[in-house]
2 protein chains.
Amino acid sequence: MPVNLSPPDPGSLLPVPGVALGAAEAGIRKPDRRDLLVVRLDEGARVAAVFTKNRFCAAPVVVARQHLTMLDPDAAIRALVVNTGYANAGTGKAGVAAARQTCAELARLLGCAAGQILPFSTGVIMEPLPVDRIAAGLPRCVADLRGDNWLAAARAIMTTDTVPKAVSRRVTVGESEVIVTGVAKGAGMIHPNMATMLGFVATDARVALPLVRKAVTHAADRSFNCVTVDGDTSTNDAFVLIATGARKMPEIDGERSPEYVAWRDGVTAVARELAHAIVRDGEGATKFITVRVEGGRGADECRKVAFAVAHSPLVKTAFFASDPNLGRILAAVGHADVADLNVDLIDLYLDDVLVAAKGALHPGYREADGQRVMKASEVTVRLVLNRGTASDTVWTCDLSHDYVSINADYRS
Amino acid sequence: MPVNLSPPDPGSLLPVPGVALGAAEAGIRKPDRRDLLVVRLDEGARVAAVFTKNRFCAAPVVVARQHLTMLDPDAAIRALVVNTGYANAGTGKAGVAAARQTCAELARLLGCAAGQILPFSTGVIMEPLPVDRIAAGLPRCVADLRGDNWLAAARAIMTTDTVPKAVSRRVTVGESEVIVTGVAKGAGMIHPNMATMLGFVATDARVALPLVRKAVTHAADRSFNCVTVDGDTSTNDAFVLIATGARKMPEIDGERSPEYVAWRDGVTAVARELAHAIVRDGEGATKFITVRVEGGRGADECRKVAFAVAHSPLVKTAFFASDPNLGRILAAVGHADVADLNVDLIDLYLDDVLVAAKGALHPGYREADGQRVMKASEVTVRLVLNRGTASDTVWTCDLSHDYVSINADYRS
């Protein structure tokens with residue numbers, strides 16, 4: 001059961017002019033589910049992406065990076081293709097050839113060049129990609145292409161997810177109102193650096209390509225890069241931002257312009273909501289935990305301390321048990337890779353309850369208060385370092401029996 | 001059920017001349033168990049220790065470090081005192097005072113100075129140490145002091161351990177045969193840097209103090225610092241090496257002498273066996289996993305790669321399920337913090353089975369072979385980086401349902 005997360009209301013998902021989506025049952029790994037997705041973009045769309053930092057990146061990541069690097073205005077990206085079932089990672093040269101062949105098959109159907117397609121895969125690592133089944137399924141995806149297919153797209157890319165993840169917003173940009181709609185998948189192996197996470201966000205705004213590229217990094221750093229389920233990173237993850245430019249409006253081209261900031265913040269809000277949905281659907285999660293670190297010398301040290309807490313299996317099992325064994329949080333802080341961190345200055349709050357002040361148990365703290373906070377399904381851990389003015393926030397979930405079950409059984 | 005680990009045969013534990021141990025039921029946290037230990041050393045013993053690198057180090061660690069720093073030949077360490085139940089961490093100045101008071105109480109009973117006592121605590125963090133109960137129990141520990149009490153000592157320091165951990169060896173050093181006997185505790189939060197681990201090893205060899213200090217670091221780096229259960233580190237961990245000098249023999253005082261090397265290697269072997277026992281008794285462990293990395297440019301990068309694998313929850317749950325989902329191992333390698341690691345060079349073996357060659361699935365690999373290896377209770381993961389001649393090894397266990405249960409219930 002995900003934490004306070006329901007499937008999106010289909011009526012809330014706004015089509016993005018210039019984007020059509022089509023999904024099909026290609027029988028790639030399991031029968032009776034849509035497992036193949038095509039996202040077709042009208043001519044003129046600008047596309048930018050960030051990928052996993054895992055050195056063992058999958059073949060589709062290698063190919064997608066190449067296609068984005070070769071990008072020129074006359075041969076821009078025209079489609080994305082996403083398969084589940086197999087990650088096409090650890091598959092060597094044959095894997096790269098398989099990803100290229102997938103692009104070539106779709107390019108033939110859409111009448112563009114293979115280099116204009118971005119391939120994505122998610123699933124089991126180190127098994128060959130069944131290109132024939134994918135090729136056979138692509139015509140059905142193309143036949144299904146529709147602008148209002150976002151929920152079907154969200155379903156088609158699910159793996160261990162229990163709930164499809166899709167979000168839409170209208171954003172006022174200068175005189176215009178633009179649409180931002182996105183889908184994501186991911187439930188485990190979620191970590192900064194995009195681990196086993198796929199996110200696709202599209203907007204109809206007209207934005208210069210360099211700013212689309214800036215925005216994708218900005219949004220990732222404030223969304224997918226600050227959530228964690230188990231600290232592992234994946235070989236396949238990617239976050240793609242598409243600006244179709246279908247909206248009639250002046251092009252956004254100044255990084256300091258209020259239009260850019262408004263649009264970028266709208267994109268970031270959608271990405272963050274998708275990232276939170278991934279944590280809420282974290283494998284076996286029963287609690288949504290916000291770890292906020294304040295009073296640091298810089299955002300970087302705040303993030304390191306926050307992740308040290310968010311990654312700790314002992315902290316995460318204590319939350320699962322609703323046991324305010326809060327020394328585990330301080331022990332995790334002490335383990336953070338921050339030079340000269342003075343733990344004797346640190347205050348620890350659980351929601352509004354002051355647990356520890358200046359590194360030691362606060363005399364006014366009552367365990368009943370800690371227990372009350374920990375029993376809730378949403379908890380905020382707040383750490384005040386008392387050595388500066390910077391802050392940062394990351395989000396995670398607890399570690400439960402079901403995490404073990406899901407990951408012990410994933411392939412069977 | 002620990003993995004291939006039985007309680008030590010009491011007859012196998014050799015008393016160390018110059019060391020007496022006494023344990024008592026002090027009712028520190030739970031009734032009906034021995035929870036307090038005193039280790040008394042004859043005059044002339046040389047003592048060295050390494051402690052947790054967690055910045056949130058516990059009050060007894062602060063005090064023990066001070067007492068070891070003040071060490072002079074005329075007022076050397078004369079006793080250790082260890083309590084379970086409370087870690088006396090995150091307890092501020094009151095905690096330091098409580099640790100000092102514990103030392104003072106024992107010093108009064110033994111007729112030495114408080115600065116000649118090293119205090120150790122393990123248990124729940126951030127709750128005050130019940131010094132009165134400890135003080136009341138100390139006379140019974142002193143009354144119990146005996147040379148052949150090693151097994152009782154191993155039992156008295158257990159927390160979530162299911163099996164007491166004690167090891168003894170005879171080591172030939174030049175013309176002499178010396179004894180090395182040690183006890184340890186720890187079952188979770190075990191990680192390099194001494195996490196929630198206490199280890200006490202004593203020998204009757206005559207060794208110059210600087211060499212005792214060298215040997216404690218040498219042994220820790222090859223034992224307790226290369227095992228991990230859950231990657232968390234603790235506030236309290238310590239490894240203490242005691243050389244009583246009770247054996248009539250020439251003092252070992254040359255770092256390059258064969259006598260030093262023989263003795264140091266004997267100490268390291270005992271420490272390693274204790275560290276392995278901790279992993280075998282890892283919370284919920286069902287498998288003992290050796291991760292060996294070869295062909296690296298230096299031991300440091302080999303260790304980083306090995307720990308990236310040994311810390312991965314996805315790898316550890318795959319081992320729990322005996323599921324050769326081996327791409328997870330490569331993904332963990334790709335996540336290691338090693339600059340310019342070329343994953344296209346890496347070979348992966350599971351015991352003697354070649355799974356991946358040059359970063360991709362080996363064509364001759366059969367899943368049945370992987371399955372056969374993974375079903376065993378002891379498995380070796382071997383990674384060959386193919387870029388140098390260095391190697392390193394770490395040890396870990398799998399991640400099971402019981403890990404979650406134990407840590408969700410620890411305080412109740």
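**Exercise 1.** Does Ala356(A) count as buried or exposed, and how many C-beta neighbours does it have inside 10 Å?

*Solution.* The model is predicted, and the steps below are to be read with that in mind. Begin with the location: Ala356(A) belongs to strand 13 of chain A, which covers residues 353-357. Next comes the count, which gives 24 C-beta neighbours inside 10 Å. A residue is classed as buried when 20 or more other C-beta atoms lie within that radius, and Ala356(A) therefore counts as buried. Finally, look at the contacts beyond four places in sequence: within chain A, Ala356(A) touches Leu330(A), Asp347(A), Leu348(A), Leu361(A) and His362(A), and from chain B it touches Gly90(B) and Met126(B). As for Val61(A), it is separated from Ala356(A) by 295 residues in sequence and by 45 Å in space, C-alpha to C-alpha.

**Exercise 2.** Describe how chain A is divided, and place Val333(A) in its surroundings.

*Solution.* Chain A is split into domain 1, spanning 10-280, and domain 2, spanning 288-409, with 33 Å between their C-alpha centres. Turning to the nonpolar interior, the largest core comprises 284 residues, and Val333(A) and Val333(B) have the most contacts inside it. Once neighbours within four places in sequence are set aside, Val333(A) is in contact with Val305(A), Ala308(A), Val309(A), Val343(A), Ile346(A) and Leu383(A), and also with Phe56(B) of the other chain.

**Exercise 3.** Work out how strands 4 and 5 of chain A are joined, and where Ala87(A) sits relative to them.

*Solution.* Strand 4 (residues 79-86) and strand 5 of chain A run parallel and are joined by eight bridges; one pair of bridge partners is Thr84(A) and Thr122(A), the latter in strand 5. Between the two strands, helix 2 (residues 92-110) of chain A completes a right-handed β-α-β unit. Seven of the eight residues of strand 5 (residues 117-124) of chain A are buried, so this strand is largely enclosed by the rest of the structure.

The loop between strand 4 and helix 2 of chain A holds Ala87(A), which is buried, with 29 other C-beta atoms within 10 Å. Its contacts beyond four places in sequence include Ser121(A), Thr122(A), Gly123(A) and Val124(A), together with Ala58(A), Ile125(A), Thr235(A) and Asn236(A). His67(A), by comparison, is 20 residues from Ala87(A) in sequence and 19 Å away in space, C-alpha to C-alpha.

**Exercise 4.** Reconstruct the four-stranded open sheet of chain B and the helices that pack around its strands.

*Solution.* The strand order in this open sheet is 1-2-4-5, with mixed pairing. Its edges are formed by strand 1 (19-24) and strand 5 (117-124) of chain B, each of which pairs on one side only, and the twist from one strand to the next averages 15 degrees. Strand 4 (residues 79-86) and strand 5 of chain B pair in the parallel sense over eight bridges, and Val82(B) has Phe120(B) of strand 5 as its bridge partner.

Now add the helices. Helix 2 (residues 92-110) of chain B lies across strand 2 (36-41), strand 4 and strand 5, and it runs at about 130 degrees to strand 5 of chain B. In helix 1 (residues 59-69) of chain B, the buried residues are Ala59(B), Pro60(B), Val61(B), Val63(B), Ala64(B) and His67(B). These buried residues of helix 1 pack against strand 3 (46-51), helix 2, strand 5 and strand 10 (238-243) of chain B.

Note on methods:
Residues numbered from 1 in each chain as written. Chains lettered and ligands numbered in written order. Predicted model: local features only at pLDDT ≥ 70, side-chain atom pairs only at ≥ 80, totals over all residues. Domains from an automatic or database assignment. Pairing = 2+ DSSP bridges. Axes fitted to C-alpha atoms, helices over the stretch in contact; angles between N-to-C directions. Contact = placed C-beta atoms within 7 Å. Buried ≥ 20, exposed ≤ 12 C-beta atoms within 10 Å, placed from the backbone. Right-handed = clockwise from strand over helix to strand, strands pointing away. Core = buried A, V, L, I, M, F, W, Y, C linked by C-beta atoms within 7 Å.
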